[in-house]
Amino acid sequence: MKIAVLIKQVPDTDEVKMDPEKGTMIRDGVGSLINPLDLNALEAALFLKGERGGTVTVLSMGPPQAERALREGLALGADRAHLLSDRAFAGADTWATAKVLATLLEKTGPYDLVLAGEKATDGETGQVGPEVATLLGLPFATYVSRLSATDGGLEVRRTVEEGYQRLRLPYPCLATVLHDLNEPSMPTLAGKKRGRRAEVTRWGLSDLGLEETEVGLSGSPTRVVRIAHPKITRQTAFYGARDLDRGIAHVVALLKEKALLQGGGQA
Amino acid sequence: MRTERNGLGGVFVVAEVRRSGIHSCTLELVSKARELADARGREVTAIVLRSPSEEPVEPLFRHGADRILLVEDERLGSLNAEVHSRIVAHLIGKGDAEIVLAPATTTGRTLLPAVAALIHTGLTADCTGLEIDAETGLLLQTRPAIGGNVIATIKTPDHLPQMATVRPKTFPVAPPQDRLGRVERPLLDESLFCTSVVCLGEESVEGEEVDIQGLDVIVSGGKGLKRPEGFRLLQELADLLEGAVGASRPTVEAKWISYPHQVGLSGKVVAPRIYLAAGISGAVQHLAGMQTAETIIAVNKDPEAPLFRVADVALCGDLYEILPRLIDAIRREKEERHD
């Protein structure tokens, strides 16, 4: 079974500090890591490889430093890694990102299965997976919290608002996965060594055979008009051990003011 | 599609159809669509894809739709991303849509990216604001990014339609008006229903549904609870306020509570009217997921807890003493209201 895993490098939110003036995150000097849900996707891919044999390939689009995320993927057990990195790719929205990833999947495939996290912790759109699948004409499933590979196809359980939906998708197909799918493993020492040595193939615009107008900012249907940094300033009313009665009265008054104490007529 | 189209068909809303029927978030979107369509002098069309049903569609008219495209087919009873997206793409293409909105639910967030890819246009996820730019007539789409620390305004200048998903409870439902519209049942080519995906079944999970986004009140707990049972106390308070229970990442990692409750960058980003945090010190990871709440109440033993700095009300002390007192005070207040 040939499996591809789409991974994204995101800022390590545990290290992020806040700019107290602007209320924005200071990303400079902050480490980055593989988007957490992509690790669940990779874990599932490695499990299926163990079960059914085959290869796991990790693919990412990003700046040259994104190579680190791919090496981490290799350290965890991926067999191959491809990095899409080119100035022309910068500023891509989800459509232009999907276009480039879909093209790379075609160039390096065919794959039986493509996996990715349901969304990334930074952009949080969840759109790239379904867009890649659709551009490639692959059946796909989102919000997958369980999956198993059978000879007849990939069986998945989707977690949705009302409960679960179970589907069987024929190969090749794509699935985006949720946190509760599995517990991602940690890399072993031998894995880390391998990750450092293994080859990461770099792909630029000309390698893909795409036009500059199809990728990056110029290939993106959407444009950012402006970015605002909402400044949230709050006056904190502080109640210590001796003022707790007043503090509790303050909270009750707030609830009353917001009309949040009216329900629960049976109480 | 870079366009020969002109978008004269106006604003389209993809209805959220669940097993229980048309979900109320559809009415929110139809209300907003009415506003946008009026600004453009265009019509509002709602697309309803479902298995044959007796449920009336007229409420959609009363809240703003001029026209409903109703497709009823046994094969549309359960979401098939391939089939549903193909039909939606077909209908909005044929109808020359200028704007397409869908709820940012698991269904909308699955369907709309596929539609955007099929017709080659832009899509903005989880919008919290939508307005028409007076100068250009374009749709300005506002969405929070990186946990609400940044608000981005996005447009789709050269492609039609302009598409967005919108979180439920973002826009109010407009008061119903005495208006009617037309129901059209488009005949669809059989090829649109072609699929290789098989639905093996659906299970409802009663009472298990945890959807903390979009509720007015969230009562969250952190490691300061000291033990998993502490969440029962939070649940009691949340129930009293018809809210939900949230949690910090360490408590989820310790398996005190399940992941859907997790608030923060690696969980849910929430903006309730009241966010009460008990025993949460306030890592940036967590703050970024809740700091846009209307009012923040923090309960913590440590006077230096970072969460106090973003709180409107800080209660410093033992949460096992404070919360029961707060619960009593709320109960008394509610009883008085009923006497």
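Reader: Two strands pair if DSSP finds at least two bridges between them, and how many bridges join strand 16 to strand 17 of chain B?
Author: In this predicted model, where local features need pLDDT of at least 70, side-chain atom pairs need 80 or more, and totals for chains, interfaces and linings use all residues, strand 16 (residues 274-278) and strand 17 (residues 295-300) of chain B run parallel and are joined by five bridges. Helices (H or I, at least four residues) and strands (E, at least two) are DSSP runs numbered from the N terminus. Within this pair, B:I274 has B:T295 in strand 17 of chain B as its bridge partner.

Reader: And how do the letters and numbers in those names work?
Author: Residues count from 1 along each chain as its sequence is written, while chains are lettered from A and ligands numbered from 1 in the order in which they are written.

Reader: Okay, which strands make up the open sheet of six?
Author: Its order is 15(A)-18(B)-17(B)-16(B)-14(B)-15(B), with parallel pairing, and this order places a strand of chain A beside strands of chain B. At the edges stand strand 15 (237-239) of chain A and strand 15 (244-247) of chain B, each with a single partner strand, so one side of each has no neighbour in the sheet.

Reader: Which helices lie on that sheet?
Author: Helix 7 (residues 244-257) of chain A lies across strand 15 of chain A and also across strands 16, 17 and 18 (313-316) of chain B. Helix 5 (residues 230-240) of chain B packs on the sheet too, touching strand 14 (217-221), strand 15 and strand 16 of chain B. Here, two residues are in contact if their C-beta atoms, placed from the backbone, lie within 7 Å.

Reader: How many residues does each chain bring to the contact between them?
Author: Chain B brings 83 residues and chain A brings 76. On the side of chain B that touches chain A, helix 9 (residues 319-338) of chain B gives the most, with nine residues.

Reader: Where else do strands from the two chains pair, and is that pairing parallel or antiparallel?
Author: Strand 14 (residues 223-228) of chain A pairs with strand 10 (residues 150-155) of chain B in the antiparallel sense, over five bridges, and A:A228 stands opposite B:I151 there.

Reader: Changing topic, what sits in the largest nonpolar core?
Author: That core has 126 residues, and those with the most contacts inside it are A:V5, A:L101, A:L115, A:A175 and B:V13. A core here is a set of buried Ala, Val, Leu, Ile, Met, Phe, Trp, Tyr and Cys residues joined through C-beta atoms within 7 Å. If neighbours within four places in sequence are left aside, A:L115 is in contact with residues including A:I3, A:V5, A:A41 and A:V177.

Reader: Anything odd in the backbone; which prolines follow a cis peptide bond?
Author: A:P110 is joined to A:G109 by a cis bond with omega of about 5°, in the loop between helix 3 (94-108) and strand 8 (113-117) of chain A. Another cis bond joins A:Y171 and A:P172, with omega of about -10°.

Reader: And A:Y143, is that buried or exposed?
Author: A:Y143, in strand 9 (residues 140-150) of chain A, has a positive phi of about 55° although it is not a glycine. A:Y143 is buried, with 23 other C-beta atoms within 10 Å; 20 or more counts as buried, 12 or fewer as exposed, and in between as partly exposed, with C-beta atoms placed from the backbone.

Notes:
Two strands pair if DSSP finds at least two bridges between them. Axes are lines fitted to C-alpha atoms, for helices over the stretch in contact, and angles run from 0 to 180 degrees between N-to-C directions.
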